[in-house]
Amino acid sequence: MTSAELLADAFGRIRESVVNTLDAMSPAQLEYRVDSDANPVGWLIWHLTRIQDDHVAGAFGVPQVWETGAWASRLGMPEDTLDTGYGHTSGHVASVARSVSASPSRLLEYHDATYAQTLKYVSELTDSDLSRVIDTSWTPPVTLGVRFVSVINDDMQHVGQAAFVRGILLRQ
């Protein structure tokens, strides 16, 4: 298995988990918070997708799917926002969750478009590409391989949290 195949498999598993988590969820369920400061499923799926989109596009110097597909307006958010959810307050989380949860199918479409772009660029990677430094603002500087591990870790944690909340909802 090549590094490209390994990364494609990891992002494919994230996509499968997103699809399974969103399956048959209503807008109200996507907005549900287990307590007043908890992140709802809609926000978690949006956030993990935004991080993947932002970081993959940045790593390859290409536009984000968010921008090229006009996803902000399609998901009911201000057109000029490049927000990824990082550092959101409880109020921001609620606001974004209301917007993105209104259309579960559009939220999944955004994730699918981001996944497609991710696969396009990941499939072209060679092992030596993973050592390329892509961010010098950190110590040590971040390589492409480290960035991908970070994104995969973040995505898996958030989709796991979303699946947990879905499980709570299905038991009610």
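How close do the axes of H3 and H6 come, and at what angle do they cross? This opening view of the predicted model gives the reply: the two axes come within 8 Å and cross at roughly 85°.

**View 1. Helices H3 and H6 are roughly perpendicular to each other.** Angles from 65 to 115 degrees count as roughly perpendicular, and the crossing of H3 and H6 at roughly 85° therefore earns that label. On the H3 side, look for Gly 42, Trp 43 and Trp 46, which meet Val 93, Val 96, Ala 97, Val 100 and Ser 101 in H6. Sorted by class, this contact has six nonpolar residues, two polar ones and no charged ones.

**View 2. Helix H6 and its buried residues.** H6 covers residues 90-101, twelve in number. From first C-alpha to last, H6 reaches 16 Å, close to the 16 Å expected at 1.5 Å a residue. Have a look at Val 93, Ala 94, Val 96, Ala 97, Val 100 and Ser 101, which are buried in H6. Which helices do the buried residues of H6 pack against? Their partners are H2 (27-31), H3 (41-60) and H7.

**View 3. Helices H1 and H7 run roughly antiparallel.** H1 (residues 3-22) packs with H7 at an angle of about 175°, and their axes are 10 Å apart. Angles over 145 degrees count as roughly antiparallel, so H1 fits that description relative to H7. H1 contributes residues including Ala 4, Leu 7, Phe 11, Arg 15 and Leu 22, while H7 contributes, among them, Leu 107, His 111, Asp 112, Tyr 115 and Val 122. By class, the contact of H1 with H7 has 13 nonpolar, three polar and two charged residues.

**View 4. The largest nonpolar core.** This core has 41 residues, and the members that touch the most others are Phe 11, Val 41, Ile 45, Trp 46, Trp 66 and Phe 148. Two or more core residues come from each of H1, H3, H4 (65-68), H5 (71-74), H6, H7 and H8 (144-171). Zoom in on Ile 45: beyond its neighbours within four places in sequence, Ile 45 is in contact with Val 18, Leu 22, Leu 107, Val 159 and Ala 162. In soluble globular proteins, nonpolar side chains tend to be buried together.

**View 5. Two buried residues, Thr 114 and Arg 147.** Thr 114 sits in H7 (residues 104-122) and counts as buried because its relative accessibility is 1%. Leaving out residues up to four places away in sequence, Thr 114 touches Thr 49, Gln 52, Asp 53 and Val 65. Arg 147 belongs to H8, and its relative accessible area of 15% makes Arg 147 buried as well, since the cut-off is under 20%. With residues up to four places away in sequence again set aside, Arg 147 touches His 55, Ile 134, Asp 135, Trp 138 and Val 142.

**View 6. Backbone details in three loops.** Most residues other than glycine have a negative phi, and most peptide bonds are trans. Here, though, the peptide bond from Thr 139 to Pro 140 is cis, with omega near -5°. Pro 140 lies in the loop between strand E1 (133-135) and strand E2 (142-143). Ala 24, in the loop between H1 and H2, has a positive phi of about 65°. Is Ala 24 buried or exposed? Ala 24 is exposed, with a relative accessible area of 73%. In the loop between H4 and H5, Ala 70 has a positive phi of about 50°; at 37% relative accessibility, Ala 70 counts as partly exposed.

Terms used. Residues are numbered from 1 along each chain as its sequence is written. This is a predicted model: local features need pLDDT of at least 70, side-chain atom pairs count only at pLDDT 80 or more; totals for chains, interfaces and linings use all residues. Side-chain values use heavy atoms; hydrogens and water are left out. Helices (H or I, at least four residues) and strands (E, at least two) are DSSP runs, numbered from the N terminus. Buried means under 20% relative accessible area, exposed over 50%, partly exposed in between (1.4 Å probe, protein chains only). Contact means heavy atoms within 4.5 Å. Axes are lines fitted to C-alpha atoms, for helices over the stretch in contact, and angles run from 0 to 180 degrees between N-to-C directions. Angles under 35 degrees count as roughly parallel, over 145 as roughly antiparallel, 65 to 115 as roughly perpendicular and the rest as oblique. Ala, Val, Leu, Ile, Met, Phe, Trp, Tyr, Cys and Pro count as nonpolar, Asp, Glu, Lys and Arg as charged, and the others, Gly among them, as polar. The expected span of a helix is 1.5 Å times one less than its number of residues. A nonpolar core is a set of buried Ala, Val, Leu, Ile, Met, Phe, Trp, Tyr and Cys residues joined through side-chain atoms within 4.5 Å.
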